[in-house]
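Please look through the structure shown here with attention to its ligand and to the open and enclosed spaces within the protein. The explanation that follows takes these in turn.

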Amino acid sequence: MCGIVGYSGKRDAVGLLTSGLSKLEYRGYDSAGIAVCKADGTVEMVKSKGRLAILEEKLANKGLSGNAGIGHTRWATHGEPSDANSHPHRSGRVTLVHNGIIENYMQLKEELIAEGKVFLSDTDTEVVVALIDRFYEEDPIEAIYKTTAVIRGSYALGVMFDDIPNTIYAIRKDSPLVIGVGKDEVIIASDIPAFLSETRDYYLLDEGELAIVRDGTVSFCDATLAEHKKELLTASWDVEAAEKGGYPHFMLKEMHEQPKTLKDTVFPRIDEAGNILKNELKDTSYIKRIHIVGCGSAMHAGLLGKAFIEKYARVPVSVEIASEFRYANPVLGEGDVIVLISQSGETADSLAVIKLAKELNIPTVGIVNVVGSSIARAADTVIYTNAGPEIAVATTKAYTAQVSVLYLLGLRLAADRGTIGTADYNAIVEALKLLPEAAKKVLENEEHYKELAKEYFEARDMFFIGRGQDSALCCEGSLKLKEISYMHSEAYAAGELKHGTISLISEGVPVVAVATTEAMFEKTVSNIKEVTSRGADVIFVTQFDDVGGFYKDKIALPAIHEAIMPILAIIPLQLFAYYVSIERGCDVDKPRNLAKSVTVE
Ligand code: M6R
């Protein structure tokens, strides 16, 4: 989704804006632009369809410079990627960048056209800049608030006025904006990595609050125009964590970080006596039913959480897609709790679910990676996945961290309810402590997964099958493959194949079959035989020994308690997807059409 950067200080804004935008590239974009307040006070902008490199070339030719400016990477929603639709947009004396969607822009646009306004782009954003310009008489703050009072939807805005040099106004609703504060300089951004190389001190901008950034300082006010002070926060992420650290891609680096991220997520949550999540969860006795809600991989993590929680804690769990749940008029009542899972903490649909829960007075638990993100702030209880910044669009380390938190939650609920025996509890706790080392072992076999990728990368389709927790795991394995390699892929519960999908199996179709539970092992093997006898090439993923002969290739997993095996089993599937993507010449970290942080619904 779109990325915003703004700079005000003593240094030249152009370099800082482009370097900030490059740190936000992971969010996904198809065009970019910047506007700078030049030494003579006039605002000039340069924008371009395509990658940042094209913008940088244009900037170099123009020789643009100044001490304040705003920049933007655009992920097209309203209007195709083009120079005209790129941000910043200008109207009269106002220049602006926007992340989000203005839902009532059509109606507002018609009104403005009726007044004689001429629009140069197809974007919803141009309506916002036109409105601010229309409302701007003497007071810029009043003009901004008059505009936010009539627009509906989500927005993070960076605004400059021609007659107020070196000043940026920033405001947000349902789209993120953070404000980094360095020595005599301020950087506004959609996300912390944009300014992490300059400063770790930052403010979180609240909804409806206005930041006024001027000559390297920042002040805050609200709609009453009263100024107020805010708490300055310090990011715990370091620059190295937000950069590639010698790996060719963020995704590869992030997969290799999993031993550490699993440790960082799990270990602090188990105390010496074996109690779990004591600091995060005080009382769980009120929980009678859990709705796990998320999007994409976060929702897939929820599927594994459901299998675990229902098995050990005997609490009914439903797993819901946020974009469906928010409009489904869900049946919710006393004893229900909504567990929202989100890496970014900014996913628009997931955020809407939290708001819905609040309206209905349903308690919420957020399992979130980005500290201080909107979902983290809105949830009644937050359990952070301590995975550090995840930059690659395809989630890997955040997903395994999410699953590990769900397992911890399941164990805690089971212990509180007395639904798990001491031996089982202790065995799983011990296994969780062994996870980081076991993940290292799985990563050591990277060459094997790479070889497999070379063998299968030309396939047209690939299927993933498994039963129970393995069926849930296959959903993620399949998503990983298709999102970064563009190979068509589907995941099925292995027993469901013969109800339709098996007709797609023919000579040479690759099928990844996962069997990580003893109880389902033989049944999955039978399903494998059904597909191999129809010509499928099976890659078998398991920790169990077998007699062989019913698959073509095998990924052998190290032994660990089978209840938490999915965390290990997904790692080879992530690496397999990565190497298939490489073989197919795809842009691994920034797959086409996708964005890291989906801040629009
Ligand atoms: O930031 P979130 O966890 O809320 O994002 C949810 C999904 O958009 C995300 O998991 C997506 O499916 C990933 N690209 C999958 O790799």
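Which residues lie nearest the centre of the largest pocket, and how many residues line it? In this predicted model, the lining of the largest pocket is made up of 30 residues, and those nearest its centre are Cys295, Gly296, Ala595, Lys596 and Val598. The space in this pocket amounts to about 580 Å³, and by class its lining comprises 14 nonpolar, 11 polar and 5 charged residues. Several elements of secondary structure contribute to that lining, with at least two residues each coming from helix 8, strand 18 (336–342), helix 10 (348–360), helix 12 (397–417) and helix 15.

The largest pocket is also the space that the ligand takes. Among the elements just named, helix 8 (296–313) and helix 15 (469–485) are those that give two or more residues to the shell around the ligand, and the largest share of that shell, 3 residues, is supplied by helix 8. In total the ligand is surrounded by 13 residues, of which Ser342, Gln343, Ser344, Thr347 and Glu483 are the closest. When the shell is divided by class, 7 of its residues are polar, 4 are nonpolar and 2 are charged.

Which atoms of the protein, then, lie beside oxygen atoms of the ligand? Two of the contacts involve the backbone: a backbone N or O atom of Ser297 is 3.2 Å from a ligand oxygen, and a backbone N or O atom of Thr395 is 2.9 Å from an oxygen atom of the ligand. Glu483, which is among the closest residues of the shell, contributes through its side chain, with a polar atom 2.4 Å from a ligand oxygen. Taken on its own, the ligand has 410 Å² of accessible area, and the protein covers 90% of this.

Apart from the open pocket, there are enclosed spaces to consider. How many cavities of 30 Å³ or more does a search of the whole structure find? The search finds 5 of them, and the volume of the largest is about 240 Å³. This largest cavity is lined by 27 residues, and the closest to its centre are Ser190, Asp191, Ser344, Glu346 and Val370. Ser344 therefore deserves a second look in the display: Ser344 is listed among the residues closest to the ligand, and Ser344 is listed again among those closest to the centre of the largest cavity. By class, the lining of the largest cavity holds 13 nonpolar, 7 polar and 7 charged residues.

Note on methods:
Residues are numbered from 1 along each chain as its sequence is written. This is a predicted model: local features need pLDDT of at least 70, side-chain atom pairs count only at pLDDT 80 or more; totals for chains, interfaces and linings use all residues. Side-chain values use heavy atoms; hydrogens and water are left out. A residue is near a molecule or strand if one of its heavy atoms lies within 4 Å of it. A polar contact is a pair of N or O atoms within 3.5 Å; within protein, one must be able to donate a hydrogen and the other to accept it, and residues adjacent in sequence count only if both atoms are side-chain atoms. Accessible areas come from the Shrake-Rupley method with a 1.4 Å probe; for residues, only the protein chains shown count as cover. On a 1 Å grid over the protein atoms alone, a cavity is a set of points where a 1.4 Å probe fits but cannot get out, and a pocket is an open set with protein on both sides within 12 Å along at least five of seven lines; lining residues have an atom within 4 Å of a point. A molecule sits in a cavity or pocket if more than half of its atoms lie within 2 Å of its grid points. Helices (H or I, at least four residues) and strands (E, at least two) are DSSP runs, numbered from the N terminus. Ala, Val, Leu, Ile, Met, Phe, Trp, Tyr, Cys and Pro count as nonpolar, Asp, Glu, Lys and Arg as charged, and the others, Gly among them, as polar. Grid points are joined across faces, edges and corners, and a volume is the space filled by probe spheres set on the points.
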